[in-house]
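Trainee: Can we go through this one together, a bit at a time? I'd like to practise reading a structure.

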Amino acid sequence: MNVINKMRNRMQYYENEKKLATDNHEYWNKDYSDANLAQDAHWKHKGKFNDIHRWQSLGKEHLELIGKYASALNFQLPVKQIVEWGCGGGANAVHFAPLTEKFIGIDITPDSLAECKKQILDHGYDNFHPVQINATFPEAILEQKIKEVDLFLCTYVYELFPSPNYGLNILKIAFEILRNGGIAFIQIRYCDNRNGLRPKRWGYKLQPYNMTTYTLEEFWENSKNYGFEPGGIYLKPYQPLVNDNYYAYYFLKKNVV
């Protein structure tokens with residue numbers, strides 16, 4: 001697969017954006033009785049997340065990371081509104097929902113939205129607001145009149161986006177819905193000349209991983225181009241909780257003068 005990917009990248013032989021987005025939507029709207037699919041959407045008690053400690057540690061680690069950078073970003077929890085793009089089975093939500101008046105979960109599948117809501121309710125909170133979108137038209141979220149968001153979360157999702165351009169579009173949407181001074185906490189899978197993880201951009205239904213990657217500098221500079229003030233990057237070359245490599249966590253601040 002890596003050899004084919006290298007050849008396609010060399011020839012720039014990619015599938016078109018519309019097909020990739022359609023395949024993305026169809027892939028994640030399959031039957032969630034499939035334990036592998038549910039595991040990949042970070043559902044509790046599914047696959048590797050039969051290990052409850054592992055599942056709970058995912059969101060806990062993200063919350064702790066934000067805590068470490070909070071003073072440098074002049075950001076403090078709790079807040080009024082948190083949006084998570086790609087909330088999946090609620091691994092982040094159960095840690096962040098207690099720290100906000102309104103937790104808005106955005107996903108392309110109703111099954112994950114229902115599972116996320118269940119987990120938040122099981123943890124004693126009733127502040128979940130589900131929003132389902134179609135992967136082919138993420139801009140539809142702007143019609144929901146979501147604005148003045150304090151914290152935008154997106155973890156373990158970017159590498160599954162159809163293409164790098166698609167991911168940058170989500171970055172633009174994040175900037176638009178955040179309040180001035182709000183924070184975007186976004187994790188990407190990074191590539192460089194050593195690891196061979198250039199974005200795939202074809203065959204989504206065959207293997208959706210590594211569809212979208214960026215160099216560290218590329219995502220940093222693009223965030224600045226869209227108006228963000230990057231506040232830091234936390235690198236994790238190996239992430240044992242998901243048993244994978246090359247993760248970068250960005251702290252981006254909307255700071256409009």
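**From a loop to the inside**

Trainee: Where does Lys 48 lie?

Mentor: Start with the labels: helices (H or I, at least four residues) and strands (E, at least two) are DSSP runs, numbered from the N terminus. Lys 48 falls outside those runs, in the loop between α3 and α4.

Trainee: What kind of model is this?

Mentor: Residues are numbered from 1 along each chain as its sequence is written, and side-chain values use heavy atoms, with hydrogens and water left out. Local features need pLDDT of at least 70, side-chain atom pairs count only at pLDDT 80 or more, totals for chains, interfaces and linings use all residues, and the model itself is predicted.

Trainee: Why does Lys 48 count as partly exposed?

Mentor: Buried means under 20% relative accessible area, exposed means over 50%, and partly exposed is in between (1.4 Å probe, protein chains only). Lys 48 gets the middle label because its relative accessibility is 28%.

Trainee: Which residues is Lys 48 in contact with, leaving aside its neighbours within four places in sequence?

Mentor: Contact here means heavy atoms within 4.5 Å. With the sequence neighbours within four places set aside, Lys 48 is in contact with Gln 39, Arg 54, Leu 241 and Val 242.

Trainee: Is His 45 buried or partly exposed?

Mentor: His 45 also has its place in the loop between α3 and α4. It has a positive phi of about 70°, although it is not a glycine. With a relative accessible area of 46%, His 45 is partly exposed.

Trainee: And Asn 210, is that one buried or exposed?

Mentor: Look in the loop between β5 and α8 (216–225) for Asn 210. Its phi is positive too, near 65°, in a residue other than glycine. At 16% relative accessibility, Asn 210 counts as buried.

Trainee: What relative accessible area does Arg 189 have?

Mentor: Arg 189 is found in strand β5. Its contacts, leaving aside neighbours within four places in sequence, include Asn 210, Glu 159 and Asp 244. Arg 189 is buried, and its relative accessible area is 5%.

Trainee: Which peptide bond is cis?

Mentor: Go to the loop between α4 and β1, where Pro 78 has its place. Omega is about 5° there, and the cis bond joins Leu 77 and Pro 78.

Trainee: How many bridges join β2 to β3?

Mentor: Two strands pair if DSSP finds at least two bridges between them. Strand β2 (residues 100–107) and strand β3 (residues 128–132) run parallel, and the bridges that join them number five.

Trainee: Which helix does the chain cross through from β2 to β3?

Mentor: This β-α-β crossover is right-handed. That label means that, with the strands pointing away from the viewer, the path from the first strand over the helix to the second runs clockwise. The helix on the way is α6 (residues 110–122).

Trainee: Which element gives the most to the largest nonpolar core?

Mentor: A nonpolar core is a set of buried Ala, Val, Leu, Ile, Met, Phe, Trp, Tyr and Cys residues joined through side-chain atoms within 4.5 Å. The largest one has 47 residues, and those touching the most other members include Trp 28, Tyr 158 and Phe 219. Elements that each supply at least two residues include β1 (79–85), β5 (178–189) and α7 (164–177). With eight residues, the element that gives the most is α7.

Trainee: What volume does the largest cavity have?

Mentor: On a 1 Å grid over the protein atoms alone, a cavity is a set of points where a 1.4 Å probe fits but cannot get out; a pocket is an open set with protein on both sides within 12 Å along at least five of seven lines, and lining residues have an atom within 4 Å of a point. Grid points are joined across faces, edges and corners, and a volume is the space filled by probe spheres set on the points. By this rule the count is one cavity of 30 Å³ or more. The volume of the largest cavity is about 400 Å³.

Trainee: Which element gives the most to the lining of the largest cavity?

Mentor: The lining has 32 residues, and among those nearest the centre are Gly 86, Asp 107 and Tyr 156. The top contributor, with three residues, is α4.

Trainee: How much space lies in the largest pocket?

Mentor: The largest pocket is lined by 14 residues, and those closest to its centre include Asp 40, His 42 and Val 242. α3 and β7 each supply at least two residues of that lining. The space in the largest pocket is about 260 Å³.
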